[in-house]
Amino acid sequence: MELGSIPRGSTSVFVNMFMNDNLLFASVDLPLLDCDKAAKEILAIDKSFSFWDDYRYTMMIPLMTKHGTHGKFGVRNHKEGEFLWVGCTPKIIKDWFEEVVFPWTQCKSRVVALITQPNVKNYEHNDCDKHEVNTRQHKFRIVLQGQTDTLYFKTKTEDILAPNIDKAFIMDGSWPHGM
């Protein structure tokens, strides 16, 4: 989603970080999710619904995918079809996305829980295909446990840390980043 397409009104965007006029990170003022309850319910999902992602070095649990497919094949965005909830998705996640996020974004999209072990780094990566690098690849994120200020973006000269916030945020997945 491009910044220009963010609906104006009661929703505000703040804590913006830009690099060469490209949005890196922006917190989003949406009604908060009960992160403790959501995290507890996600961590209780049977491991058969998850898979290990070597590219990011994290566990992934698809929650909404094309056709509601779970597992590694559920996260492919390039399939035809509509986005459906996977059967294991906690009600608190479904309700928050259906009542808050999707009306705000004005579309449905893939929803995936990423579970990174405490004190373990994600590999530096891009959240897009190679041909999409240097294009706007804004991703909606919320941290249920942990902190946002472990997220950093790579540049040619330095790493840029995201601020520590307790809100949902948008980040540019085409920038190399890690945690």
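# Exercises on a predicted model

The protein has two helices and 11 strands. The model is predicted, and each exercise below is followed by a worked solution.

## Exercise 1. Overall make-up

Task: State in which order the elements follow one another, and how much of the protein is buried.

Solution.
- Step 1. Starting at the N terminus, the order of elements is β-β-α-β-β-β-α-β-β-β-β-β-β.
- Step 2. The protein has 179 residues, and 45% of them count as buried.
- Step 3. Among contacts with a separation of 6 or more, 63% are between residues 24 or more positions apart.

## Exercise 2. Confidence

Task: Find what the mean pLDDT of the protein is, and say over which residues pLDDT stays under 50.

Solution.
- Step 1. The mean pLDDT is 78, with 76% of the residues at 70 or more.
- Step 2. Over residues 1-14, pLDDT stays under 50. The model has 27 contacts beyond four places in sequence for this stretch.
- Step 3. Where pLDDT is low, predicted coordinates should not be read in detail.

## Exercise 3. The two helices

Task: Describe how the axes of α1 and α2 cross, and which residues of the two helices meet.

Solution.
- Step 1. Helix α1 covers residues 35-43 and helix α2 covers residues 91-105. Their axes come within 8 Å and cross at roughly 130 degrees.
- Step 2. Angles over 145 degrees count as roughly antiparallel and those from 65 to 115 as roughly perpendicular. The crossing therefore makes α1 oblique to α2.
- Step 3. From α1, the residues Lys37, Ala38, Glu41 and Ile42 take part, and they meet Lys91, Ile92 and Ile93 of α2.
- Step 4. Sorted by class, this contact has four nonpolar and three charged residues, and no polar ones.

## Exercise 4. Two strands and their faces

Task: For strands β6 and β10, work out which side chains are buried on each face.

Solution.
- Step 1. Strand β6 spans residues 111-115, and its side chains alternate. Val111, Ala113 and Ile115 point to one face and are buried, whereas Val112 and Leu114 point to the other face and are not buried.
- Step 2. Strand β4 (residues 58-66) is joined to β6 by five bridges, and the two run antiparallel. Ala113 in β6 is the bridge partner of Ile61.
- Step 3. Strand β10 spans residues 168-172, and five of its five residues are buried. Ala168, Ile170 and Asp172 lie on one side, with Phe169 and Met171 on the other, so that both faces are covered.
- Step 4. Strand β7 (residues 138-141) runs antiparallel to β10, with four bridges between them. Met171 in β10 stands opposite Lys139.

## Exercise 5. A three-stranded sheet

Task: Give the strand order of the open sheet, and explain why one side of each edge strand has no neighbour in the sheet.

Solution.
- Step 1. The order of the three strands is β9-β8-β11, with antiparallel pairing.
- Step 2. The edges are held by β9 (159-161) and β11 (177-178). Each has a single partner strand, so one side of each is left without a neighbour in the sheet.
- Step 3. Between β8 (residues 152-154) and β9 there are three bridges, in the antiparallel sense. Tyr152 has Leu161 in β9 as its bridge partner.

## Exercise 6. Three loop residues

Task: Decide whether Ile45, Gln106 and Val143 are buried, partly exposed or exposed.

Solution.
- Step 1. Ile45 is in the loop between α1 and β3 (51-53). The cut-off for buried is under 20% relative accessible area, so Ile45, at 8%, is buried.
- Step 2. Beyond its neighbours within four places in sequence, Ile45 is in contact with Ile61, Leu63, Cys88 and Pro90. Ile61 is 16 residues from Ile45 along the chain, and their C-alpha atoms are separated by 8.6 Å.
- Step 3. Gln106 lies in the loop between α2 and β6. Exposed means over 50%, so Gln106, with 63% relative accessibility, counts as exposed. Its phi is near 65 degrees, a positive value in a residue other than glycine.
- Step 4. Val143 is found in the loop between β7 and β8. Its relative accessible area is 27%, so Val143 is partly exposed.
- Step 5. Leaving aside neighbours within four places in sequence, Val143 is in contact with Cys35, Thr148 and Phe169. Val143 and Ala113 are 30 residues apart in sequence, and 9.6 Å separates their C-alpha atoms.

Technical notes:
Residues numbered from 1 in each chain as written. Predicted model: local features only at pLDDT ≥ 70, side-chain atom pairs only at ≥ 80, totals over all residues. Heavy atoms only, no water. pLDDT = per-residue confidence, 0-100. Contact = heavy atoms within 4.5 Å. Axes fitted to C-alpha atoms, helices over the stretch in contact; angles between N-to-C directions. Parallel < 35°, antiparallel > 145°, perpendicular 65-115°, else oblique. Nonpolar A, V, L, I, M, F, W, Y, C, P; charged D, E, K, R; others polar. Buried < 20%, exposed > 50% of the residue type's maximum accessible area, 1.4 Å probe, protein only. Pairing = 2+ DSSP bridges.
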